[in-house]
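Here are some exercises to work through with the model open beside you. Try each task before reading its solution.

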Amino acid sequence: MTRSRKSQISLEATPYYHCVSRCVRRAFLCGVDALTQISYEHRRQWVEDRLLWLGEIFAIDICAYAVMSNHVHVVLHINVLQSRQWSAEDVVMRWHRLYKGSALSHRFLKGDALSPAEQQAFEALVAQWRETLTSISRFMAVLNEGIARRANAEDRCTGRFWEGRFKSQALLDEQALAACMAYVDLNPIRARMADTPETS
């Protein structure tokens with residue numbers, strides 16, 4: 001039976017996780033399709049740009065990543081301490097970069113006075129958003145959805161671009177973290193996509 005992602009991610013155990021998302025069937029994330037000779041290499045930049053953009057919004061640090069021809073590896077660190085230091089305005093501004101927000105959050109940013117009941121509802125909303133901005137599941141969902149939409153639009157097709165949920169592996173100590181980061185950095189070299197980590 002499949003375990004929920006929430007039950008697989010435990011900050012008490014570790015804040016570090018190795019996540020992998022893989023394309024469905026023979027879909028190309030990037031590289032050159034040997035059958036059609038169509039280059040999808042520009043999509044590599046899509047992934048990198050979106051990863052770095054999300055790293056500015058979420059309280060999640062990107063420790064390492066590799067964009068392969070049909071999958072993405074990323075090593076993430078959940079930075080709960082950072083999220084706790086955000087003001088309510090910080091949380092709302094970050095959330096509004098991803099979503100429309102709510103009437104209360106827009107009124108707050110405009111400086112409108114909130115009634116005690118509205119203030120209480122707003123604080124509950126900010127607490128929920130703060131927690132969500134430390135969620136690897138939400139981070140990966142936003143990453144994958146944006147890439148899937150662009151790829152499907154470019155390919156003029158609909159349907160799933162990624163396999164089911166992303167896979168995640170907890171990195172429980174420094175040795176596991178170092179080994180995983182080396183694995184991710186060397187993956188493009190093993191796949192003969194690059195000669196050195198610097199050029200991958």
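**Exercise 1. Place Arg156 in the chain and decide whether it is buried or exposed.**

Solution. This is a predicted model, so start by locating the residue in it. Arg156 sits in the loop between α7 and β4 (167-170). Next, take its relative accessibility, which is 80%. The cut-off for exposed is over 50%, so Arg156 counts as exposed. Finally, look at the backbone: Arg156 is not a glycine, yet has a positive phi of about 55 degrees. Most residues other than glycine have a negative phi. Arg156 comes just after α7.

**Exercise 2. Find where Gln37 lies, and work out whether it is buried or exposed.**

Solution. Gln37 belongs to the loop between β1 and α2. Its phi is near 65 degrees, a positive value in a residue other than glycine. With a relative accessible area of 57%, Gln37 is exposed.

**Exercise 3. Check what the span of helix α7 should be, given its 20 residues.**

Solution. Helix α7 covers residues 136-155. The expected span is 1.5 Å times one less than the number of residues, which for α7 comes to 28 Å. The end C-alpha atoms of α7 are 28 Å apart, so the expectation and the model agree. At the start of the helix, look for a side-chain oxygen of Ser135: this atom comes within 3.3 Å of the backbone nitrogen of Ser137.

**Exercise 4. Identify which residues of α7 are buried and what covers them.**

Solution. First, list the buried positions: Ile136, Phe139, Met140, Val142, Leu143, Asn144, Gly146, Ile147, Ala148, Ala151 and Asn152. To read the spacing in such a list, recall that an α-helix has 3.6 residues a turn, so residues three or four places apart point the same way. Then turn to the cover, which includes β1 (16-22), α2 (43-57), β2 (60-67), β3 (71-78) and α4 (88-98).

**Exercise 5. Determine how many residues the largest nonpolar core has, and which element gives the most to it.**

Solution. The largest nonpolar core has 43 residues, and Leu29, Phe58, Ile136 and Met140 have the most contacts inside it. At least two core residues come from each of β1, α2, β2, β3, α4, α6 (116-132) and α7. The element that gives the most is α7, with eight residues. Both domain 1 (13-80 + 136-199) and domain 2 (83-133) supply at least three residues to this core.

Now follow Ile136 outward. Beyond its neighbours within four places in sequence, Ile136 is in contact with Ile9, Tyr17, Cys19, Ile60, Leu76, Ile78 and Phe166. A second, separate core has eight residues, among them Ala64, Met68, Val75 and Leu177.

**Exercise 6. Classify the aromatic pair of Trp95 and Tyr99, then that of Phe161 and Trp162.**

Solution. The whole structure contains five aromatic pairs. For Trp95 and Tyr99, the ring centres are 4.8 Å apart and the planes meet at 40 degrees, so this pair is tilted. Trp95 is buried at 8% relative accessibility, whereas Tyr99 is partly exposed at 30%. For Phe161 and Trp162, the centres are 5.3 Å apart with 90 degrees between the planes, an edge-to-face pair. Phe161 is buried, with a relative accessible area of 4%, and Trp162 is buried, with 8%. To finish, add Trp129: ring pairs join Trp95, Tyr99 and Trp129 into a cluster.

Note on methods
Residues numbered from 1 in each chain as written. Predicted model: local features only at pLDDT ≥ 70, side-chain atom pairs only at ≥ 80, totals over all residues. Heavy atoms only, no water. Helix = DSSP H or I, 4+ residues; strand = E, 2+ residues; numbered from the N terminus. Buried < 20%, exposed > 50% of the residue type's maximum accessible area, 1.4 Å probe, protein only. Contact = heavy atoms within 4.5 Å. Polar contact = N/O pair within 3.5 Å; in protein donor to acceptor, adjacent residues only side chain to side chain. Core = buried A, V, L, I, M, F, W, Y, C linked by side-chain atoms within 4.5 Å. Domains from an automatic or database assignment. Phe/Tyr/Trp six-rings, centres within 6.5 Å; stacked < 30°, edge-to-face > 60°.
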